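Visitor: Before any term is applied to this protein, I should like to hear the grounds for it. May we go through them one at a time?

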Amino acid sequence: MKLFGIVCIIAIVLILIGRGSGLAYEEVTPHELKEKMAKGSTGLVLLDVREVDEVASCKIPKSIHIPLAEVNARLKELEPEKEIVVYCAAGVRSARASKILDNAGFKKVKNLKGGIRKWMAAGGSVEGPCR
């Protein structure tokens, strides 16, 4: 019985790998993003996909705001050739937005691992009271 369970698990993993279940976009850590920003990376776009009330109280400087629910409808506001780092509070919504951008042909998409929470914990600069 144990062998059957192990075989089933291996089969499921192989099926998922065959479907290309891996991320098409990359993830960037807060430390890596801080280094990019310190170097003055030209063409770097910070995309905040949180809700309006979240952005009003706290954001990463120089970021643009498009709520997750509006990303598909507002793709034309973004330049596909630029590097786009997407963030939210913890990284879940930004992962969804990163997938949307990747599916739309954006090739330099990165999800900020851990979102703005990890960014602040790593000493990243923010605007607002950020409670």
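Guide: The turns below set computed values against the definitions behind the terms.

Guide: Please note that the model is predicted. The protein has five helices and five strands, and their order along the sequence is α-β-α-β-α-β-β-α-β-α.

Visitor: Why is the link between Cys58 and Cys130 called a disulfide?

Guide: The sulfur atoms of Cys58 and Cys130 are 2.1 Å apart. A disulfide requires cysteine sulfur atoms within 2.5 Å, so the pair qualifies. By this rule the count comes to one disulfide.

Visitor: What makes this disulfide a tie between separate parts of the sequence?

Guide: Cys58 is in the loop between helix H3 (52-57) and strand E3 (63-65), while Cys130 is in the segment after helix H5 (115-121); the pair therefore ties together parts that are 72 residues apart in sequence. The link is right-handed, with 95° about the S-S bond. Both Cys58 and Cys130 are buried.

Visitor: How do you know whether Cys88 is buried or exposed?

Guide: The relative accessible area of Cys88 is 1%. The term buried applies under 20%, so Cys88 is classed as buried. Across the protein, buried residues make up 36% of the 131 residues.

Visitor: On what grounds is Asp48 classed as buried or exposed?

Guide: Asp48, which is placed in strand E2, has a relative accessible area of 1%. That value falls under the 20% limit, and Asp48 is therefore buried.

Visitor: What makes the pairing of Asp48 with Tyr87 a polar contact?

Guide: The distance given for the side chains of Asp48 and Tyr87 is 3.0 Å. The cut-off for N or O atoms is within 3.5 Å, with one atom able to donate a hydrogen and the other to accept it; the pair is therefore counted as a polar contact. The side chain of Asp48 also makes a polar contact with that of Arg50, at 2.7 Å.

Visitor: Which residues does Asp48 touch beyond its sequence neighbours within four places?

Guide: Its contacts there are Val55, Lys59, Ser63, Ile64, His65, Ile66, Pro67 and Tyr87.

Visitor: Why is Glu83 called buried, given its relative accessible area of 15%?

Guide: The limit is under 20%; at 15%, Glu83 meets it and is therefore buried. Glu83 lies in strand E4 (residues 83-87).

Visitor: Which side chains are joined to that of Glu83 by polar contacts?

Guide: One is the side chain of Lys36, at 3.1 Å. Another is the side chain of Lys110, at 3.2 Å. Both distances are within 3.5 Å, so the distance condition is satisfied. Leaving aside neighbours within four places in sequence, Glu83 is in contact with residues including Gly43, Leu44, Val45 and Lys108.

Visitor: How do you know where empty space is left?

Guide: A probe the size of a water molecule, rolled over the atoms, shows where space remains empty. In this protein the largest pocket has a volume of about 190 Å³.

Visitor: What makes a residue part of the lining of the largest pocket?

Guide: A lining residue has an atom within 4 Å of a point of the pocket. The residues lining the largest pocket are Met37, Gly40, Ser41, Leu44, Val45, Leu46, Pro61 and Lys62. Strand E2 (residues 44-48) gives the most to this lining, with three residues. By class, the lining has five nonpolar, two polar and one charged residues.

Note on methods. Residues numbered from 1 in each chain as written. Predicted model: local features only at pLDDT ≥ 70, side-chain atom pairs only at ≥ 80, totals over all residues. Heavy atoms only, no water. Helix = DSSP H or I, 4+ residues; strand = E, 2+ residues; numbered from the N terminus. Buried < 20%, exposed > 50% of the residue type's maximum accessible area, 1.4 Å probe, protein only. 1 Å grid on protein atoms, 1.4 Å probe; cavity = no way out; pocket = protein on both sides within 12 Å on 5 of 7 lines; lining within 4 Å. Points joined across faces, edges and corners; volume = space filled by probe spheres on them. Nonpolar A, V, L, I, M, F, W, Y, C, P; charged D, E, K, R; others polar. Contact = heavy atoms within 4.5 Å.
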